[in-house]
Amino acid sequence: MKVEQISIFLENKSGRLAEVSAVLANSGVNIRALSLADTSDFGILRLIVNDTEKAKQVLKDNSFTVGKTEVVAVEVADKPGGLAGILEVIKDSKINVEYMYAMIHKSAGNAIIVFRFDESEKAIEAMRKAGIKILKGDEVYSL
């Protein structure tokens, strides 16, 4: 029940983000979700794409430093309190959220929240018990 995510390390200079986007576009890779975090020297671009292996390879072929990690994607009603309910389950289970980002799935009327936990399996089990819908990779890649 995990989703593959790629992380690209970028120098913090003009045009690098555009280069990543162009490389992926020219290879027919579609970005499904993204998050960008930066420091003064570099940034970390986290992407969920429709073809993880292809994206990873074409980026490496274009001299980008790329890693792959597993994250957990959950579906929640797009309404006030949706996130709070999930975070309450995580808090009660004493699990740490390392980072997270979200996207809206308009046709379904739901939000999708992507989490990186310190204990993913424990988080998945706690959320399952609480009735939280955990998405499979294929469900996220095909959005």
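## A charge over a ring

Arginine 46 lies over the face of tyrosine 99, at 3.7 Å from the ring centre. The model that shows this arrangement is a predicted one.

## Overall fold and dimensions

The chain contains five helices and seven strands. Read from the N terminus, the order of its elements is β-α-β-β-α-β-α-β-β-α-β-α.

For 143 residues, a compact globule would have a radius of gyration near 15 Å, and the 16 Å of the chain agrees with this. The C-alpha trace spans about 45 × 35 × 25 Å along its principal axes. Of the 143 residues, 43% are buried. The chain exposes about 7,700 Å², and carbon and sulfur atoms supply 48% of that area. When contacts between residues at least 6 apart in sequence are taken, 69% of them join residues at least 24 apart.

## Helix H1

Helix H1 covers residues 16-26, and its buried residues are Arg16, Val20, Val23 and Leu24. Viewed down the axis of H1, these buried residues fall within an arc of 95 degrees, so they line one face of the helix. Ala18, Ala25 and Asn26 are exposed on the other side of H1.

The partners of the buried residues of H1 are three strands and a helix: E1 (3-11), E2 (31-38), E3 (42-49) and H2 (52-61). Glycine 28, just after H1, has a positive phi of about 75 degrees.

## Positions in E3 and H2

Two residues in the elements packed against H1 can be looked at individually. Phenylalanine 42 belongs to strand E3. Its relative accessible area is 38%, so phenylalanine 42 counts as partly exposed, the range for that class running between 20% and 50%. Apart from neighbours within four places in sequence, phenylalanine 42 is in contact with Leu10, Glu11, Asn12 and Ala37. Asparagine 26 is 16 residues from phenylalanine 42 in sequence, and the two are 24 Å apart in space, C-alpha to C-alpha. Asparagine 26 is one of the exposed residues of H1.

Threonine 52 is in helix H2. With a relative accessibility of 7%, threonine 52 counts as buried. Apart from neighbours within four places in sequence, threonine 52 is in contact with Glu4, Ile6, Lys68 and Tyr141.

## Helix H3

Helix H3 runs over residues 82-92, with Gly82, Ile86, Val89 and Ile90 as its buried residues. These residues cover an arc of only 100 degrees around the axis, which puts them on the same side of H3. Lys91 and Asp92 are exposed on the other side of this helix.

The buried residues of H3 pack against strands E4 (65-77), E5 (97-105) and E6 (110-117), and against helix H4 (120-129). Lysine 94, just after H3, has a positive phi of about 55 degrees.

## Helix H4

The buried residues of H4 are Ser120, Ala123, Ile124, Ala126 and Met127. The arc they cover around the axis is only 165 degrees, which puts them on the same side of H4. Glu121 and Lys129 are the exposed residues on the face turned away from that buried side.

The packing partners of the buried residues of H4 are E4, H3, E6 and strand E7 (133-135). Glycine 131 follows just after H4 and takes a positive phi of about 80 degrees.

## The aromatic pair

With ring centres required to lie within 6.5 Å, the count comes to one aromatic pair. This pair is formed by phenylalanine 115 and phenylalanine 117, with 4.9 Å from centre to centre and 15 degrees between the planes. The pair counts as stacked because its angle of 15 degrees falls under the 30 degrees set for that class.

Both partners are buried, phenylalanine 115 at a relative accessible area of 0% and phenylalanine 117 at 2%. The cut-off for a buried residue is under 20%.

Technical notes
Residues are numbered from 1 along each chain as its sequence is written. This is a predicted model: local features need pLDDT of at least 70, side-chain atom pairs count only at pLDDT 80 or more; totals for chains, interfaces and linings use all residues. Side-chain values use heavy atoms; hydrogens and water are left out. Rings of Phe, Tyr and Trp (its six-membered ring) pair if their centres lie within 6.5 Å; planes under 30 degrees apart count as stacked, over 60 as edge-to-face and the rest as tilted. Buried means under 20% relative accessible area, exposed over 50%, partly exposed in between (1.4 Å probe, protein chains only). A charge sits over a ring if NZ of Lys or CZ of Arg is within 6 Å of the ring centre and within 35 degrees of the ring normal. Helices (H or I, at least four residues) and strands (E, at least two) are DSSP runs, numbered from the N terminus. The arc is that of the directions from the helix axis to the C-beta atoms. Contact means heavy atoms within 4.5 Å. The radius of gyration is taken over C-alpha atoms; the globule rule is 2.2 Å times the number of residues to the power 0.38. Accessible areas come from the Shrake-Rupley method with a 1.4 Å probe; for residues, only the protein chains shown count as cover.
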